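Work through the exercises below with the sequence and the coordinates at hand, and try each task before reading its solution.

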Amino acid sequence: MARFLVYLFFTLSGSVALVYEALWSRYLKLFLGHSSYGQIVTLIMFMGGIGLGSFLAARYLRRVKHPFLVYARIELIAAVFGLGFHFAYELMTGWFFEQAAMLQAVSPMLADVTQIGICLLLTLPFATLLGTTFPLLAAGMIRAFSDGGKRSLPMLYFANSLGGAVGILVCSYWLISAFGTIGALQIASLGNLVVAIGFFLLHRAGVGVGTVEASQESVEADRAIAKRLPAENKNPRVALWLTVAAGTGLASFIYEVGWIRLLSLILGSSTHSFDAMISAFILGLAFGGLFVKRLLHRFTGDLAPVLGTIQVLMGVFAVLSLYLYRPFFDMVQASHGLFAKTEAAFPLHSVFKYLLCLALMFPAAFCAGMTLPLITWRLVRETGRESFTGVVYGWNTVGSIIGAAAAGLFLMPLLQLKWTIFTGAALDIALGVALLSIGTFSWKNLAGNRKRQVRFIGLRVGAVAVIAAALLPAFWTDFDPAVLCSGKYRNNGSSRGDIVEVRHGKTATISVGQSGPNRFISTNGKSDGAIWCGDGEKFPWKQLSDEGTVAMLAALPMLTRSEEYDAALIGMGTGMTGHYLLSDERLQSLDLIEIEDAVIDLAQHFRPRNERIWNDDRLHIVVDDAKRHFYANRKQYDVIISEPSNPWVSGVSGLFTKEFYEHLRHFLKPGGVLVQWVHGYEFRDDLMVSIFSALDTFDHFEVYRVPENAGDFIVVAGDQKFDFISALELAANSSLDDDLAFLGTEIAQFGPGNFLASSRTLRPNLDEFAALTNSDYFPYVEQNAETAFFTANQVHLPSAIFDAFHRYTDLMEPGRTREAREMQARVRRELAAKKGENPGKSATQRRLDGLLSAPGKEADWPHIEQLFLTATVHSSGTSFWLEEPYVKQIGELIETGVVPEGMKNRFQFLSSLAEEDFEQVALQLAETIKSSDPAILEEPYWVRTFLTTALRVSDSDMIDFLMSESVGKCGKLCADERTMIQAFVKLEKQNPGALQLAAKP
């Protein structure tokens, strides 16, 4: 029972340790600026502390009479460290950012060293404590059960690793989501306390006290081995085994870093995916340790050939990933048809991803998990020194640190992905060959024994053949860049075109691809921007897509400036946003901040479209984390534009948090603006509102739709409302219109006419969602964005605001809303007139024309009405609506008496709304609803139009009726829209006429 409890508590201890590592990774990536840096530095710090703790424990272990009691005290101290970590993090990182400018001025290297030093202070003492636990516990078990470690050492490795594999998944998928990082730290501390109490009680029960004494069975086995060994092989070979321990750690962590990059391309680079990769690797280590328990019961020979064989197999399994990567991509592609895109299927999909990680990592990790228990057991048994339980672990972590740092910071950029993995595998195989060459048997010992000589030669030849078969194909087998960068985890592997260039950078794999004249840049297989690079060809698309997004990211901040200004741009992408900004003569300087060198290098492929970023002296490209750059330079800007990747990508959601926006406020001049891109595709309303809630740290913000692109939105935030200058005035100061002429558009299309809502209209949702504001320490978006990505969700709230004749924004900011709608309608008309074109009728318009050619009373009027509302959507709710050709045509048909009564009443009702004749509207509302088919009351367009009108005219009875018979029965309204509705209704009930008053221009 005592043995079982030891393993149980040590499993919990391993779980808690990996919870801490996962949390440190999240904290340090906030501090260092990118998830890859945070993960590598966390790994180095964690492993470094483990190694240092192991060495310290090894040195003083003989003096420890009660190892379980000391273990309990260490866990208790760890609990205190865990509780204080967040406070220490905020204190130290806050000091660094306050001093960053001074440190950067002295030397950028000094700033780097100071930043890493703070990471050391935060994590190394804590990790060192954790590193002492295994040697202490191993010594206690050897003393308690007198088996020389044959049974206890493998089981301890297994229990601790198994706990770690489970712990990191629990932290990733549950703890942080439920309690935030601060709450997760507190729960981990509670885990430390439970372990401390458990081992204290075991100590009081007398477990783990004594000295290292091998059992009689172990002693006899040792003597039997010694008799069979030649004299020269009786030396315990301490230096050799410690070298092997370090070497296997070095090699395995090199290809682990490579595997993580490869799996990021296969599975997507979300935080959950990273955690699954680490867990799968640790699980392999756990079961390798468990297998050693069985192996040691049968093991009677020299350790060198056994370890040599394990090392060779480890390297062979690692190098196989170079040849088997295609099936993994294919399996991910096949999974799109296997799993329904629902939240219920997401857990199954997560299990599938975990199994893929195991398939890639488990065989080599299993072999790696066998090495340390074998080496530790051999040295403890042959020397009688229990200190080797710490020394072996320590040297292994030294190798692991070197491997992780070398692979992440040097080998990946220098050798690229394939050769990084190959290097780690080759090191393992080389180590194995060296061990096999010094095995028990030599040619001299085999003299005169033909059978053994043949066996000796056969084994060596077979080993060479296996090694050659594993390594040699790598020299003519390359990763197919089209497969690597296909993003099959996202797009079902549909080919987007040819890959122009791939670069495996320090933080991510960056690629540029081309499909005809369309060229795109991707990060870990996820497209981060596409532009038209046709040589002399006219831009062919009606939908602007990414072209419109980057144009608006530049145009909107330009339109808020009435004089010279300075700007900063976070993220390069295709370089088009910077190119467009530099078209403005009033722009004095632009700092373009990009953390990955490879993005800057590959953006050259978008020339000449982005030519200004390469030859305009006002542009300064900075390779750094944005937050650190701002603090280090202490420069204030009139405009800061944030153009990151999607927030489901690990590390990116930190650019959408309340704390990040609070930092940015310090670096905006009075009247300055933050311009933030937010996407609506593969996202959810609650996640978008969580970001809006974070942006509420500014006094005022406004949300804009990107024209011709339903999936992208731009937020402009500042400490005051924005005065937009005339688009014509801007055109006189920039050449942006010349750029946009290529797209068949102009600056005015990307102006304030795209206004959707401000923080005033969104206030009910912001107040409702305040507790789930996206934060560094409660990363609501990061934890949930992958689910939205998997289910291919779409944000509905912007459409809910936009898709009605009379909108929610008409209640709170009607003057602004009407002005914006009329401006955009005017721009659309002027663009069509400038082009001198009848822009060709859409499918909707062609169908409507056919139905209206000679309609009678028997015509399909519900379908006609639906097409009519779609065709007039761009002028709905404005004075231009009455001038629409289809509006005039319907009006003429009404006079002929062929239009049904219900549609006639609705048409006249909308006409009164367009004229803002609210006295007439109040009289028409009830009759319009009464004459309509009841099914209309469950259509979102009419639910919104009728309800907002009832609120606008303060018709209490109609509000109650619509809430019961329309809003209550319409299943197409999203939760956030219902929150907004309930807030407006509550305001009207509490203060009748309040919305009527608010709605007056």
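Three exercises follow, on two helices and a sheet of a predicted model.

**Exercise 1.** Determine which residues of helix α33 are buried, and where they lie when seen down the helix axis.

Solution. Begin with the length of the helix: at 1.5 Å a residue, the 12 residues of α33 should span 16 Å, and because the end C-alpha atoms are 17 Å apart, the expected and the modelled span agree. Next, apply the cut-off for burial, which is under 20% relative accessible area; the residues of α33 that are buried are Tyr-886, Val-887, Ile-890, Gly-891, Leu-893 and Ile-894. Viewed down the axis of α33, these buried residues fall within an arc of 165 degrees, and they therefore line one face of the helix. On the other side of α33, the exposed residues are Pro-885, Glu-892, Glu-895 and Thr-896. The cover over the buried residues of α33 includes α31 (843-852), α32 and α34. Finally, look just beyond the helix, where Gly-897 takes a positive phi of about 85 degrees.

**Exercise 2.** Establish how many residues of helix α34 are buried, and against which helices they pack.

Solution. The 14 residues of α34 (residues 901-914) should span 20 Å at 1.5 Å a residue, which agrees with the 20 Å between the end C-alpha atoms. Counting the buried positions then shows that α34 is mostly covered, with 11 of its 14 residues buried; among them are Met-903, Phe-907, Phe-909, Leu-910 and Leu-913, as well as Asn-905 and Arg-906. As for their surroundings, the buried residues of α34 pack against α30 (814-834), α32 (861-871), α33 (885-896), α35 (918-930) and α36 (940-952). Just after α34, a positive phi of about 55 degrees is found at Glu-916.

**Exercise 3.** Work out the strand order of the sheet that contains β4, and explain why one side of β1 and of β4 is left without a neighbour in the sheet.

Solution. The sheet is open and has 4 strands in the order β1-β2-β3-β4, with antiparallel pairing. Since β1 (498-504) and β4 stand at the edges and each has a single partner strand, one side of each remains without a neighbour in the sheet. Neighbouring strands of this sheet are turned against each other by 15 degrees on average, direction ignored. Turning to the pair β3 (residues 518-523) and β4, one finds that the two run antiparallel and are joined by 5 bridges; Asn-518 has Trp-532 as its bridge partner in β4, while Arg-519 stands opposite Ile-531. The hairpin of β3 and β4 has 2 residues between the strands, and Asn-524 in this hairpin takes a positive phi near 50 degrees. As a last step, check the burial of β4 (residues 526-532), which is mostly covered, with 6 of its 7 residues buried.

Definitions and conventions: Residues are numbered from 1 along each chain as its sequence is written. This is a predicted model: local features need pLDDT of at least 70, side-chain atom pairs count only at pLDDT 80 or more; totals for chains, interfaces and linings use all residues. Side-chain values use heavy atoms; hydrogens and water are left out. The expected span of a helix is 1.5 Å times one less than its number of residues. Buried means under 20% relative accessible area, exposed over 50%, partly exposed in between (1.4 Å probe, protein chains only). Contact means heavy atoms within 4.5 Å. Two strands pair if DSSP finds at least two bridges between them. Axes are lines fitted to C-alpha atoms, for helices over the stretch in contact, and angles run from 0 to 180 degrees between N-to-C directions. The arc is that of the directions from the helix axis to the C-beta atoms.
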